[in-house]
Amino acid sequence: MRSGWPVWVISVGVVLGSASCGASHYAQVSCEGVHRQSIFILAAEAVPSATYIPCIEPMPAGWSYAGSDVRSGSVRFWLDSDRVGARAIEVTMTASCDLTGSSESPLPNPPSGMRLFEQSATEGASDVTVRHYMFPGGCVTTRYSFTRSDARSMFDEADRLLGFTPRSIYVDGLQNDEGLTLCGAGAPPCPG
Amino acid sequence: MLLGLTLALGALVLLVLGHETAGAWFDRGNASIARAITGVRTGWLTSFALDIDRLLASRATVGILRLGALVAMTMFRRWRHVLAFLVSVIAVEAVVYELSILVAVARPVGVRILGPWSGFSFSSAPVAALTVTLAGTAYGLLPAGRPRSEGMWVAGAVVALLGASRLYLGLDNLTDVIAALILGFTIPVVSFRFIAPNDVFPVTYRRARAAHLDVTGRRGEAIKAAVHDQLGLTVRDIQPVGLAGSGGSTPLRLVVAEDDGGAERRVFAKLYAKSHVRADRWYKLGRTILYGALEDEAPFQTVRRFVEYEDYTLLLLRYQGVAVPEPFGIVEITPEREYLIVMEFFEGAAEIGGAEVDDDVIDDGLRLVRHLWDAGVAHRDIKPANLMVRDGKVLLIDVFFVQVRPSPWRQAVDLANVMLVLALRSDAEHVYERALLQFTQDDIAEAFAAARGVAVPTQVRNELKRDGRDLSGRFRALAPARKRVAIQRWSIRRLSVAMAAFAAAALVVVVVVGNWRVIL
């Protein structure tokens with residue numbers, strides 16, 4: 001019996017299998033069926049003061065969820081577009097954001113307490129659009145790798161991709177389902 | 001050990017399945033524990049826990065530890081340990097990452113989280129990373145036994161400190177830490193046991209060849225018991241012997257006594273293990289790549305076949321009248337894993353390198369090859385370590401490489417090698433003159449046209465270098481001119497094997513380089 005081969009097969013398999021570690025493949029932060037999605041609980045823990053959590057509305061053809069990164073202090077996810085390219089939209093939530101150079105824009109049917117600030121900027125050789133959604137306890141910054149004047153239809157599509165869910169949904173859900181407190185905004189004070 | 005691994009992996013599977021099927025129950029349990037632990041938070045303890053987490057959960061710390069371990073293993077040329085370490089680290093990082101996606105457990109709820117974190121909580125990536133690093137370092141650098149055991153205890157204490165700190169800070173759930181500890185300890189243990197088993201590749205800081213097995217301790221006791229049971233001999237002493245000239249087995253000298261009260265005597269034995277089968281396979285693969293199908297390069301498949309073949313060649317040569325040791329039998333130490341072949345020990349014989357070589361010895365050495373030629377066999381490993389001299393007679397040992405009905409090339413090489421060995425103890429002109437008594441000029445010319453490069457054993461090549469005289473050149477000058485015999489053999493198989501080996505090596509390099517950020 002060739003006893004040595006499993007060692008090498010396993011070794012090579014493990015080494016090859018690990019090649020995917022570099023990318024983030026967390027579940028999509030989808031606005032549909034948001035109740036009790038672990039990624040939202042994690043996002044709520046990342047920025048406990050935020051009263052809203054960003055999510056992705058159903059995507060039209062040509063857009064795809066590309067990855068996310070959730071860590072203490074920030075939630076980040078990004079979308080690819082077959083027309084604009086990788087990371088066409090990058091969404092970042094933090095507790096606050098720098099609004100220097102931004103001007104307030106009207107936001108149709110805004111969730112309670114939310115305001116929109118927008119600015120155009122240049123990154124390298126390309127123009128980008130940066131939008132800040134300010135709300136109590138948090139700020140969501142979206143960075144489009146294109147401008148309204150570059151691709152108006154794309155911009156309109158992108159406009160409709162970002163949604164928000166109130167943090168209270170998760171606070172209440174966890175409390176009702178498991179009797180647990182999701183510390184932060186909308187929850188009673190936590191020990192420690 | 002096996003039971004421990006099974007229990008640990010069983011616990012891990014239970015944790016994963018538990019989170020998947022009874023997530024709420026686990027969440028509540030984890031939250032209760034987190035509340036209890038964070039309930040004891042005090043200022044100084046929190047500062048201490050934050051410092052511990054900052055230091056031990058840092059990628060920089062883990063990277064430095066891993067780099068240090070890899071450099072140390074590389075310095076000691078423990079390539080298998082390096083591979084086992086890399087496989088362990090990459091496997092743990094990959095499994096932890098995939099589990100975090102699969103199980104998707106949030107950070108502890110119901111308590112305030114202190115300190116930085118990233119991604120899902122199950123299993124704890126920093127605890128797993130530190131655990132695999134320290135456990136892999138212990139396995140790769142510390143000798144088995146007390147040093148490694150103590151090293152593992154230290155590793156356990158360090159990771160326990162990190163795990164406790166992270167629980168205290170509310171960064172991880174209890175199940176996250178437990179899963180990380182299981183992964184971080186079991187994967188390197190399994191990896192090192194498979195890739196660099198301690199029996200075969202022990203971590204020692206004494207100079208020793210990889211092929212030579214440690215015959216003290218449990219193995220020594222097993223040898224004594226098996227020789228007694230199977231050959232009826234009581235082993236009084238076991239000593240490794242002639243290790244310098246042997247790479248494919250562990251040669252031993254046993255002091256034995258017959259069970260019926262006979263006098264003590266010495267016998268020679270060769271211990272073969274699976275590592276030798278593997279080494280034989282790699283050796284033949286290497287030869288196939290470097291030279292093509294120079295000879296029969298089919299590897300042995302089992303240890304049992306190794307000893308069976310050596311027993312057969314000893315009997316065959318003795319039957320043909322060649323002076324080789326008398327075989328006393330094969331001893332099974334561990335079925336299909338380790339076997340011992342026991343044979344006569346040439347009492348009073350000296351290795352030819354240390355013996356007086358006069359005309360009688362030269363003639364007898366040459367006669368030995370003449371005998372092999374006439375019997376239709378080739379020894380294929382004629383070198384000083386395998387030629388003994390006693391009372392002016394040359395005795396042949398280590399007949400494992402003997403080939404029946406070899407090619408004329410291989411027979412010619414045997415002649416050249418014995419002439420070189422004899423000339424090392426005298427001079428080329430004299431050996432050439434004596435050789436003409438038994439061989440023709442053409443035989444000798446062909447021998448030295450064939451004996452080049454790999455055809456000359458390493459020990460002979462080293463002795464020739466040390467001697468300084470160009471003995472091969474001198475023999476070629478004395479013999480009729482003959483075009484050198486090429487040893488390169490080209491075939492589709494050789495090209496395929498070479499390309500596959502190159503591709504595998506390139507793949508490993510590419511993947512390791514590609515994962516360097518994961519490793520460090």
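Student: What percentage of the 520 residues of chain B count as buried?
Tutor: Keep in mind that this is a predicted model. Chain B comes to 19 helices and ten strands. Of its 520 residues, the share that counts as buried is 42%.

Student: And what share of the 192 residues of chain A count as buried?
Tutor: Chain A has four helices and nine strands, which run along the sequence as α-α-β-β-β-β-β-β-β-β-α-β-α. Of its 192 residues, the buried part is 33%.

Student: In chain B, how much of the contacts with a separation of 6 or more comes from residues 24 or more positions apart?
Tutor: For chain A, residues 24 or more positions apart account for 53% of the contacts with a separation of 6 or more. For chain B, the corresponding value is 75%.

Student: Which strands stand at the edges of the five-stranded open sheet in chain B?
Tutor: Write out the order: β1-β2-β3-β5-β4, with antiparallel pairing. An edge strand has a single partner, so one of its sides is left without a neighbour in the sheet. The strands in that position are β1 (233-240) and β4 (327-334) of chain B.

Student: What does the twist of that sheet average from one strand to the next?
Tutor: We're still on the open sheet of five strands in chain B. From one strand to the next, its twist averages 30 degrees.

Student: Which helix packs on the sheet, touching β3, β4 and β5 of chain B?
Tutor: Start with the strands: β4(B) and β5(B) (residues 338-344) pair in the antiparallel sense over six bridges, and E332(B) stands opposite Y339(B). The helix touching them makes about 15 degrees with the direction of β5(B). It spans residues 303-319 of chain B and is α11.

Student: Which residue in the loop between β4 and β5 of chain B has a positive phi although it is not a glycine?
Tutor: Its phi is about 65 degrees. With 12 C-beta neighbours inside 10 Å it counts as exposed, since the cut-off for exposed is 12 or fewer. The residue in that loop is E336(B).

Student: Which residue in the turn of the β8(B) and β9(B) hairpin has a positive phi?
Tutor: β8(B) and β9(B) pair in the antiparallel sense over four bridges, and R390(B) stands opposite K393(B). The hairpin has two residues between its strands. The one with phi near 55 degrees is not a glycine, and with 9 C-beta neighbours inside 10 Å it counts as exposed. That's D391(B).

Student: Which residue stands opposite E351(B) in β8(B)?
Tutor: β8(B) (residues 387-390) also pairs with β6(B) (residues 350-351), in the antiparallel sense over two bridges. Opposite E351(B) you'll find M388(B).

Student: Is L396(B) buried or exposed?
Tutor: L396(B) lies in strand β9 (residues 393-396) of chain B. Leaving out residues up to four places away in sequence, it touches several others, including V322(B), L368(B) and H379(B). It has 23 other C-beta atoms within 10 Å, and the cut-off is 20 or more, so L396(B) is buried.

Student: How many of the 17 residues of α13(B) are buried?
Tutor: α13(B) covers residues 408-424 and reaches 25 Å from its first C-alpha to its last, close to the expected 24 Å. This helix is largely enclosed by the rest of the structure, because the buried count out of 17 is 14.

Student: Are α13(B) and α15(B) roughly parallel or roughly perpendicular to each other?
Tutor: Their axes come within 8 Å and cross at roughly 95 degrees. The contact involves, among them, W409(B) and A412(B) of α13(B) and D443(B) and F448(B) of α15(B). Angles of 65 to 115 degrees fall in one class, so these two helices are roughly perpendicular.

Student: At what angle do α12(B) and α14(B) pack?
Tutor: Helix α12(B) covers residues 359-375, α14(B) covers 428-435, and their axes are 10 Å apart. α12(B) is oblique to α14(B), and the crossing is right-handed. The angle is about 55 degrees.

Student: Which residues does the cis peptide bond in chain B join?
Tutor: Look in the loop between α5 (79-103) and α6 (125-141) of chain B, where S123(B) has its place. Omega is about -5 degrees, and the residues joined are F122(B) and S123(B).

Definitions and conventions: Residues are numbered from 1 along each chain as its sequence is written. Chains are lettered from A and ligands numbered from 1 in the order in which they are written. This is a predicted model: local features need pLDDT of at least 70, side-chain atom pairs count only at pLDDT 80 or more; totals for chains, interfaces and linings use all residues. Two strands pair if DSSP finds at least two bridges between them. Axes are lines fitted to C-alpha atoms, for helices over the stretch in contact, and angles run from 0 to 180 degrees between N-to-C directions. Two residues are in contact if their C-beta atoms, placed from the backbone, lie within 7 Å. The expected span of a helix is 1.5 Å times one less than its number of residues. Angles under 35 degrees count as roughly parallel, over 145 as roughly antiparallel, 65 to 115 as roughly perpendicular and the rest as oblique. A crossing is left-handed if the near helix is turned anticlockwise from the far one by less than a right angle, and right-handed if clockwise.
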